[in-house]
Amino acid sequence: MSTAVSFKVPSARGPQPVTVSYARVGRGEPLLLLHGIGHHRQAWDPVVDVLATERDVIAVDLPGFGASPGLPEGLAYDLPTTTAVFAAFCEALGLDRPHVAGNSLGGLLALELGRERLVRSVTALSPAGFWSEAERRYAFTLLLTMRRIARGMPLPLVETLARSAAGRTALTSTIYARPGRRAPEAVVAETLALTGATGFDATLRAGGSVLFTDDVPGLPVTIAWGTRDRILLRRQGVRAKRVIPQARLIRLPGCGHCPMNDDPALVSRVILDGSR
């Protein structure tokens, strides 16, 4: 069951109110889960139950995505602002330097939280920010095309397609290597999340100049990449390892851009090992 918390984030116009929706389950050391652009916290559902056996799991909807409202006027959808949002979010929930795992945009944010020493370990699954300019343009074009197609499809058609493995493949094969494994209702929900994401365009614009170029010293960092990632190509993982030399670089065989669905057992193990 999801809930929400509101807090203030500093800005040039003074403190601004921000509300973040999240779901919390389990016990143990806190683990924050951050999804990618156009997705929602339910992207983590395939692994949450396993993670919750050893961690206090907090899966969030990024501002302007899922059930979280967009940022107020005066706050940008850039990396510094989003980092400040989650620093304030952790303070509001009383989380003392949680572990963090993120996918895609969430992976980039997880690394930035680590660089700022706001978390105790980082697991980044296909994190953004290690692309060449050509790879960034390719990824952004693909994301915009996915959103345009999804927004042009009436809900009854999405629901009909989601009932069959072939239809789920048509809807989600860009992000999943094994789309037939995704439940029909989950496919419908994430298609709606993509079409209704109020923060999508501003987040994509802010990401146009982002490159992660700093090391994250003194902190356990795991970077994992699916071998069948069609959005952020796996060679970007090698670049990430060069930037963060002490990071573990793990190959996720047969997994796509959002590997939580493709191999929940493997991804759960990677996250738990990375947060020990």
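A nonpolar core is a set of buried Ala, Val, Leu, Ile, Met, Phe, Trp, Tyr and Cys residues joined through side-chain atoms within 4.5 Å. In the present structure, which is a predicted model, the largest such core comprises 82 residues, and those with the most contacts inside it are Val60, Phe86 and Phe89. Helix H2 gives the most to this core, with 7 residues. When residues up to four places away in sequence are not counted, valine 60 touches Phe86 and Phe89 as well as Val20, Ser21, Tyr22, Leu32, Leu33, Leu34, His35 and Arg41. Another core, of 5 residues, lies apart from the largest one and includes Val158, Ala162, Val187 and Val188.

The strands form an open sheet of 8 members with mixed pairing, in the order E1-E2-E4-E3-E5-E6-E7-E8. Strands E1 (2-9) and E8 (248-252) stand at the edges; each has a single partner strand, so one side of each is left without a neighbour in the sheet. From one strand to the next, the twist averages 25°.

Helix H2 (residues 79-93) packs on this sheet, where it touches E1, strand E2 (16-26), strand E3 (29-34) and strand E4 (55-60). The direction of H2 makes about 115° with that of E1. Helix H11 (residues 264-274) lies across E3, E4, strand E5 (99-103), E6, E7 and E8, and runs at about 170° to E8.

Within the sheet, strand E5 is mostly covered, with 5 of its 5 residues buried. Both of its faces are covered: His99, Ala101 and Asn103 are buried on one side, and Val100 and Gly102 on the other. E3 and E5 run parallel and are joined by 4 bridges, with valine 100 in E5 as the bridge partner of leucine 32. E5 also pairs with E6 in the parallel sense, over 5 bridges; here the bridge partner of asparagine 103 is leucine 125 in E6. Strand E6 (residues 121-125) is in turn joined by 4 bridges to strand E7 (residues 221-226), and these two strands run parallel. In this pairing, alanine 124 has isoleucine 223 of E7 as its bridge partner.

Helices H5 (residues 155-162) and H7 (residues 184-196) also meet. Their axes come within 8 Å and cross at roughly 145°, and H5 passes H7 in a right-handed crossing. From H5, Leu155, Val158, Glu159 and Ala162 take part in the contact, meeting Pro184, Val187, Val188, Thr191 and Leu192 of H7. The residues of this contact divide into 7 nonpolar, 1 polar and 1 charged. Among them, Val158, Ala162, Val187 and Val188 also belong to the core of 5 residues described above.

A further set of contacts centres on isoleucine 231, in the loop between E7 and helix H9 (235-243). The relative accessible area of isoleucine 231 is 3%; because buried means under 20%, this residue counts as buried. Neighbours within four places in sequence aside, isoleucine 231 is in contact with Tyr138, Ala139, Leu142, Leu143, Met146, Thr174, Ile175 and His257. Of these contacts, that with alanine 139 joins residues 92 apart in sequence, whose C-alpha atoms are 5.3 Å apart in space.

Methods. Residues numbered from 1 in each chain as written. Predicted model: local features only at pLDDT ≥ 70, side-chain atom pairs only at ≥ 80, totals over all residues. Heavy atoms only, no water. Axes fitted to C-alpha atoms, helices over the stretch in contact; angles between N-to-C directions. Left-handed = near helix turned anticlockwise from the far one by under 90°. Contact = heavy atoms within 4.5 Å. Nonpolar A, V, L, I, M, F, W, Y, C, P; charged D, E, K, R; others polar. Pairing = 2+ DSSP bridges. Buried < 20%, exposed > 50% of the residue type's maximum accessible area, 1.4 Å probe, protein only.
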